[in-house]
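Hi,

Here's the structure I said I'd pass on. Have a look at it first, then read my notes below.

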Amino acid sequence: MKSFLKEFKEFISKGNVIDLAVGVIIGGAFQKIVNSLVEDIITPLINMVAHVESVDKLAVKIGSATLAYGKFIEAILSFLIMALVIFLIIKGMNSLSQTAGKMMPGEQKEETESEPTTKECPYCFSTIPYQAVRCPKCTSILKDGIKFEE
């Protein structure tokens, strides 16, 4: 049981979990803002243009079932606004990371060209360490691929 609690404590104290928790809390608050924008600003404008009392009250009665498509329209608007804002935030973060040269979480670092660690012996064509001056396979004396004359 102690090892489980220790593991759990390590998991909770990791930065990614805390970042995720903060993101969920901010996302919940942001959702309220988007819903208010749709319900209190965009929907009344649509009501005015469409000459209807309320978009969320739009419905069709088919037999005993009522299809409230007005609420569905509001949900679609909320989703599209939320998706647009998230897209703009991510696009802004990506452009900032490119200009700052920093990586975003989840991005893979591009491999940069560095000094080679191996080379090929020009005599036996075996792969040897780049700094080797003698081939361990054929015992030729090398310096940058050139055989030394003794």
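Only some of this chain is tucked away: of its 150 residues, 15% count as buried. Keep in mind that this is a predicted model. The accessible surface of the chain comes to about 12,700 Å², and carbon and sulfur atoms account for 63% of that area.

As for the layout, you'll find 3 helices and 6 strands in the protein chain. Going along the sequence, they come in the order α-α-β-β-α-β-β-β-β. If you take the contacts between residues at least 6 apart in sequence, 20% of them join residues at least 24 apart.

Next, the surface. There's a nonpolar patch made of Val60, Ile62, Leu67, Tyr69, Phe72, Ile73, Ile76, Phe79 and Leu80, and together these residues have about 850 Å² of accessible area. Two elements give two or more residues to this patch: strand 1 (60-62) and helix 3 (69-100). Helix 3 gives the most, with 6 residues.

Leu67, another member of the patch, sits in strand 2 (residues 65-67). Is Leu67 buried or partly exposed? Its relative accessible area is 46%, so Leu67 counts as partly exposed. Patch residues need over 30%, and Leu67 meets that cut-off with its 46%.

Finally, the inside. The largest nonpolar core has 5 residues, namely Cys121, Ile128, Ala132, Cys135 and Leu142. Try clicking on Ala132: leaving out residues up to four places away in sequence, Ala132 touches Lys119 and Leu142. Leu142 is itself one of the core residues.

Cheers

Notes
Residues numbered from 1 in each chain as written. Predicted model: local features only at pLDDT ≥ 70, side-chain atom pairs only at ≥ 80, totals over all residues. Heavy atoms only, no water. Patch = residues over 30% accessible without salt bridge, like charges linked within 9 Å, V, L, I, M, F, W, Y side chains within 5 Å. Areas by Shrake-Rupley, 256 points an atom, 1.4 Å probe, with all protein chains shown as cover. Salt bridge = Lys/Arg side-chain N within 4 Å of Asp/Glu carboxyl O. Helix = DSSP H or I, 4+ residues; strand = E, 2+ residues; numbered from the N terminus. Buried < 20%, exposed > 50% of the residue type's maximum accessible area, 1.4 Å probe, protein only. Core = buried A, V, L, I, M, F, W, Y, C linked by side-chain atoms within 4.5 Å. Contact = heavy atoms within 4.5 Å.
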